[in-house]
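Q: I should like to learn how to read a structural model, feature by feature. Please give me the general idea each time, and then the case at hand.

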Amino acid sequence: MEKATTPQALLQIIEKHEKARDPNAVRISVCGGTGCKASGAGPLIEAFRKEIADRKLDVEVISTGCHGFCERGPLVVLHPSGVFYQKVKIKDIPEILDKTLAKGELIARLQYRDENRTVYVKEKEVPFYKDQERIVFAMNGHIDPTRLDHYLSMQGYRALATVLGKHQPGEIVEMVIKSGLRGRGGGGFPTGLKWKFTREAEGDKKYLICNADEGDPGAFMDRSVLEGNPHLVLEGMIIGAFAVGASEGYVYVRNEYPMAIEHLQLAITQARELGVLGQNILGTGFSFDVKINRGGGAFVCGEETALIASIEGRRGMPRTRPPFPAKKGLWGKPTDINNVETWANVPYIINRGVDWFTSIGTGDVSKSPFGGSKGTKIFSLVGKVNNTGLVEVPMGIPLRKIVFDIGGGIKNSKKGRTFKAVQTGGPSGGCIPDAYLDHPVDFDELSKLGSMMGSGGMIVMDDHTCMVEVARYFVDFLKEESCGKCTPCREGLRRMSEILNRMVRGQGKTEDLAVLEDLGAVMKDASLCQLGSTAANPVLSTLKYFRSEYEHHIATGLCDGRQCIDLIRYHITDACTGCTICAKKCPTQAITGENKQLHKLEQSKCVRCGVCYDACNFNAISILSGTEIREKLGE
Amino acid sequence: MVEITLNGKKVEARDGETILDLATREGIHIPTLCHHPAVEPTGACRMCLVEFSMNNGPKKITSSCTLVAEPGMVVETDSERVHKNRKSVLELLMARVPGNPELEKLAKESDARLAPRFPEMKEDCILCGLCARVCEEVVGAKAIFFTNRGTELDVGGPFLESPEDCIGCGACVYVCPMDCIKMEQNAETRKIVKWDRELPMRKCEVCGYPFMPNFQVLRFKKWADMPGDYFKICADCRK
């Protein structure tokens, strides 16, 4: 790659690459994200390349970043037609080349079909993608993240060339404030204001940090952005460094993300070669360089002051704010710290303008960046929905649209499963019930519901979920991941965990609910950092919306979700046809019975694993709880 | 000087002064456990909570030992919300360390529950970390520190074994608000019981009093570049 020595020269390089990209060229995009690689995308890409070389075809095979629809991987998209194939295997390659590529014929078994067996031809027509607005993810699926020329051909580094060629740092800060961009890592603090505070803070040296310590269970959006488009994050950081006056930057990324680290390291090397990173960037006298700091995987290190402590080589324990990192951060110097997704939004805001960005989302940010939520947000949609994966949606989209349109509704709805709650914001988020599904998703609305945006975890739960067990699960997660420094968080979580673990065993007491609320109140108010002050959300929100489930656990030992194994019994009803499948599958031989005879379940041998329930094709196994146990089994 | 409003009264804070120091100077009592003037504040125990707001913004609860006075700050040390939170913190600490006189004194002072609603833990330490901070910031030995995390958090030497860098100075014994770090000493040895650190003592060549552990002498000579015979006699005999 030739080195650009002025912003003008960089623009010329970008234009050269943009022109070189033929939109009508035949290309095969194979998702090379971690999800698809886990389902075999690595060898698939190699096989595609070999087959195409053997046939001497003029077709480029691109190993792209994550497309988001991970559960259907490996994903393949044929360009320019846009034909979308899912769950592609190596043995499918000749057929794809012979039929689809050569003749335009579609291969039905590789096409995506929804629950109603409707077939969708193109990626953008698939319901999972149709209602998404992919901005941060726009290039994922088109470019090879290890190729700088791919990034350049899609306007890559154009924003940086504009900024360094035409603007003063203060103008960029103003622009980001006006855009209403708010922190995507969870807090939702206006990014532009953070930049302004860092810029105005006194210090002979300033730092910039990209927080890629994604710790929420099941969340992987930052990982996918870094893996699929590392230059986008770097470009955002370089623009940010220019705006706040930082000369050194860190990307704090989990060591469990090897591909993200590899791609980012490569991108840093390429950016230095291009002349957009390092000393005297584009001949403007502005210098900035980036180091990668690999984190050990502590959840609390996503908290900015703990993250800074960790970079400094100390224990990842938060300290009180103020002083905020903008004033006193890394090594005591002014430090701007933003999340991966936040940085990735910056180049788009510069390229397409503030008006474009504010046209997406909720509220009015013309007077204050707190006035609304602008742009898009990536969610990691998981749980009991038909379509799981990463979804990027405009702020303000109703939860119902995410769960039922993009997510394709509740899994096994034909077997009677219904929606119960959606948990947003990761382990410290809250559970939102059906009644609030039409609420718009933005920073302020989710907070009003007792949940939060968080970094974008979204777990959908069906009617077979026990909300007390959900609260217990998250409290136990946080109990282990809290740093333990301050009393309300450490001792509060300990006591919440004791109570909830008792409750799911049917040993709850009436007074427990008031104690849980008291604990929630002191944790929320008095904890040292955001981990502690939000840690009670799973408990408080389920107490608010699903209080009856707690009361049932205490009063009659009824687990509404039929999940708490101490409170349920499996029972074979008269509907049993004696097919013997449950008896064969039972791991503890608790079920006995002759062929075509009603089977019997020996309760003392049953470990309540639910294998029989899932195996039965005749709905002959019921799960009893509460008073039903005495009524039906006489226990 | 910085003007702030403290309990409805305009007061002048010194530059960089914390609300805890300012309140103490103004004669307002704020209970503390993990605070000590010799070390940097850390805000761990959450006893010294106050309610504050900036420029009529939302009221927040935070630790006064870490909150530095800034213009436009309005602080309440005596509000209902402050007391409610302090009492809850005390209840949690008393369930962890039952029967501790210092905690019981604070509970009586603040009208908190004397019988916590949780199973007793029978610990003796509230994990305020003051011992570790003194050891690092004042003594410079860095012999003890926090280890593990979450509800498993503990304090002690590496791998919770007897800390080899402990010089037996007893600073941790002196500052511990729970009085749970005990020191035992006889003519030959000194033992810091909690850390299981036992060190032979040096006797003064003049009066014969065992005035300092040998290991401490070694470290002091190294740190302070002292002459070889400086620690042969105790401080009293040197006068």
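Q: Is B:Asp179 buried or exposed?
A: A residue is buried if 20 or more other C-beta atoms, placed from the backbone, lie within 10 Å of its own, exposed if 12 or fewer, and partly exposed in between. B:Asp179 counts as exposed because it has 11 C-beta neighbours inside 10 Å. The model is predicted: local features need pLDDT of at least 70, side-chain atom pairs count only at pLDDT 80 or more, and totals for chains, interfaces and linings use all residues. Residues are numbered from 1 along each chain as its sequence is written, while chains are lettered from A and ligands numbered from 1 in the order in which they are written.

Q: Where is B:Asp179 found, and what is notable about its phi?
A: Most residues other than glycine have a negative phi. B:Asp179 has a positive phi of about 55°, although it is not a glycine. B:Asp179 is found in the loop between helix H5 (171-175) and strand S8 (183-185) of chain B. Helices (H or I, at least four residues) and strands (E, at least two) are DSSP runs, numbered from the N terminus.

Q: Which residue of chain A has a positive phi although it is not a glycine?
A: A:Asn619 has a positive phi of about 55°. A:Asn619 is found in the loop between helix H25 (611-615) and strand S21 (621-625) of chain A. A:Asn619 is exposed because 12 other C-beta atoms lie within 10 Å.

Q: Where do cis peptide bonds occur in chain A?
A: Most peptide bonds are trans. A cis bond joins A:Gly73 and A:Pro74, with omega about -5°, and A:Pro74 lies in the loop between strand S2 (60-64) and strand S3 (76-79) of chain A. A cis bond also joins A:Pro322 and A:Pro323, with omega about 0°. A:Pro323 lies in the loop between helix H13 (304-311) and strand S10 (335-339) of chain A.

Q: How should I read the overall form of chain A?
A: The radius of gyration is taken over C-alpha atoms, and the globule rule is 2.2 Å times the number of residues to the power 0.38. With 635 residues, a compact globule would have a radius near 26 Å; chain A has 27 Å, which agrees. Chain A has 26 helices and 21 strands, and 55% of its 635 residues count as buried. Two residues are in contact if their C-beta atoms, placed from the backbone, lie within 7 Å. Among contacts in chain A between residues at least 6 apart in sequence, 71% join residues at least 24 apart.

Q: What are the corresponding values for chain B?
A: Chain B contains seven helices and eleven strands. Of its 239 residues, 38% are buried. Residues 24 or more positions apart account for 50% of the contacts in chain B with a separation of 6 or more.

Q: How many residues does each chain give to the contact between chain A and chain B?
A: The contact takes 24 residues from chain A and 23 residues from chain B. On the side of chain A, helix H18 (467-481), helix H19 (487-503) and helix H20 (512-526) each give two or more residues. The largest share, eight residues, comes from H19(A). By class, the side of chain A that touches chain B has eight nonpolar, five polar and eleven charged residues. Here Ala, Val, Leu, Ile, Met, Phe, Trp, Tyr, Cys and Pro count as nonpolar, Asp, Glu, Lys and Arg as charged, and the others, Gly among them, as polar.

Q: Which residues of helix H7 (residues 158-166) of chain A are buried?
A: An α-helix has 3.6 residues a turn, so residues three or four places apart point the same way. The buried residues of H7(A) are A:Ala159, A:Leu160, A:Ala161, A:Val163 and A:Leu164. These buried residues pack against helix H1 (7-20), helix H8 (169-179), helix H11 (230-244) and helix H14 (340-352) of chain A.
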